[in-house]
Amino acid sequence: MNYSFQFGPVFDAWPLLLHGTWMTIQLSFLAMILGSAVAVVCAWGKTAGPAPLRWLINAYIEVIRNTPFLIQLFFFFFALPTIGVRWSPYTAALVAMVFNLGAYATEIVRAGIESIPKGQIEAGTALSLSRYEIFRFVILKPALRAIYPALTSQFILLMLASSVVSVISADDLTSVAANLQSQTFRSFEIYIVITGIYLLLTLAFSYVFRLIYQWGLNYPDRR
């Protein structure tokens, strides 16, 4: 094997790699926040909503969980413009990621909500808490503590899946890598560096999630 490694052209393009990394972080973070909000609303609808709402939520979950993310991305970017709904690549990627995470996280959040003992809810009612206060403090916070590991694992998978958005020219890290490869023809070196960046992103997100747990969810369980 006489292959000569040349990382120079890759490291010379560090501003592009930095931009792509930042776009991946930004896209993933926004999708996590918005997708989590969708999941909480849908989980509440599945556990306490009327039958028609539960049917719609179940249909949404089944469609998303049983179709490839790539097809969902193509639907938002290529199919919707035919009926007049046009997105930029970034917006289409964000919307697709939110819908995808929302469906998967809904089932995780629902499982957490249903794990809360009914006695706790009855205690909240006895204390004259409003339905909103019961849901927020008695149900949602303990449920989030129980499902936090599964939910954050789903967040990490979403961040890694964001590499797919490069197929619609969204300006993420994988898209930057593809452009550099076409310019420098140093595929091996480029994808070694990109692999390392994704690994560092995964470790960084995991560390941040641990800090969030220690700050907001690591309280004594007095049950």
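**Exercise 1. How do α2 and α7 pack?**

Task: In this predicted model, work out at what angle helix α2 and helix α7 pack, and which residues bring them into contact.

Solution:
- Step 1. Find the two helices: α2 covers residues 14-48 and α7 covers residues 131-161.
- Step 2. Look at the geometry. The axes lie 11 Å apart, and the packing angle is about 140°.
- Step 3. Put a word to the angle. Angles over 145 degrees would count as roughly antiparallel and 65 to 115 as roughly perpendicular, so α2 and α7 are oblique to each other.
- Step 4. Add the handedness: α2 and α7 make a right-handed crossing.
- Step 5. List the partners. From α2 come Thr 24, Ser 28, Ala 31, Met 32, Ser 36, Val 40 and Trp 44, and they meet Phe 135, Leu 140, Phe 155, Leu 158 and Met 159 of α7.
- Step 6. Sort them by class. The contact of α2 with α7 holds nine nonpolar residues, three polar ones and no charged ones.

**Exercise 2. How do α4 and α5 pack?**

Task: Describe the crossing of α4 and α5, then say what classes of residue make the contact.

Solution:
- Step 1. Read off the geometry: the two axes come within 9 Å and cross at roughly 135°.
- Step 2. Classify the angle. It makes α4 oblique to α5.
- Step 3. Check the hand, which is right-handed for α4 passing α5.
- Step 4. Walk along the contact. α4 brings Phe 69, Gln 72, Leu 73, Phe 76 and Phe 77, while α5 contributes residues including Pro 89, Ala 93, Met 97, Phe 99 and Asn 100.
- Step 5. Count by class: eleven nonpolar, two polar and no charged residues form the contact of α4 with α5.

**Exercise 3. What holds the largest nonpolar core?**

Task: Find which residues touch the most other members of the largest nonpolar core, and which helix supplies the largest share of it.

Solution:
- Step 1. Start with the background. In soluble globular proteins, nonpolar side chains tend to be buried together.
- Step 2. Pick out the best-connected members. This core has 55 residues, of which Leu 17, Val 165 and Ile 194 touch the most other members.
- Step 3. Trace the suppliers. At least two residues come from each of α2, α4 (69-79), α5 (89-114), α7, α8 and α9 (187-216).
- Step 4. Find the largest share: α7 gives 13 residues.
- Step 5. Zoom in on Val 165. Beyond residues up to four places away in sequence, Val 165 touches Leu 27, Phe 69, Leu 73, Ala 93, Met 97, Ala 170 and Asp 172.
- Step 6. Look for a separate core. Another one, of six residues, lies apart from it, with Cys 42, Ile 61, Ile 64 and Ala 103 among them.

**Exercise 4. Is Lys 46 buried or exposed, and what about Asn 179?**

Task: Place each residue in its helix and judge its accessibility.

Solution:
- Step 1. Lys 46 sits in helix α2.
- Step 2. Its relative accessible area is 18%, and the cut-off for buried is under 20%, so Lys 46 is buried.
- Step 3. Leaving aside neighbours within four places in sequence, Lys 46 contacts Arg 54, Ile 57, Asn 58, Ile 61, Thr 106, Glu 107 and Arg 110.
- Step 4. Asn 179 belongs to helix α8 (residues 173-184).
- Step 5. Asn 179 has 41% relative accessibility and so counts as partly exposed.

**Exercise 5. What is the overall picture?**

Task: Summarise the secondary structure and burial of the protein.

Solution:
- Step 1. Count the elements: nine helices and zero strands.
- Step 2. Turn to burial. Of the 223 residues, 39% are buried.
- Step 3. Consider contacts between residues at least 6 apart in sequence: 77% of them join residues at least 24 apart.

Notes:
Residues numbered from 1 in each chain as written. Predicted model: local features only at pLDDT ≥ 70, side-chain atom pairs only at ≥ 80, totals over all residues. Heavy atoms only, no water. Axes fitted to C-alpha atoms, helices over the stretch in contact; angles between N-to-C directions. Helix = DSSP H or I, 4+ residues; strand = E, 2+ residues; numbered from the N terminus. Parallel < 35°, antiparallel > 145°, perpendicular 65-115°, else oblique. Left-handed = near helix turned anticlockwise from the far one by under 90°. Contact = heavy atoms within 4.5 Å. Nonpolar A, V, L, I, M, F, W, Y, C, P; charged D, E, K, R; others polar. Buried < 20%, exposed > 50% of the residue type's maximum accessible area, 1.4 Å probe, protein only. Core = buried A, V, L, I, M, F, W, Y, C linked by side-chain atoms within 4.5 Å.
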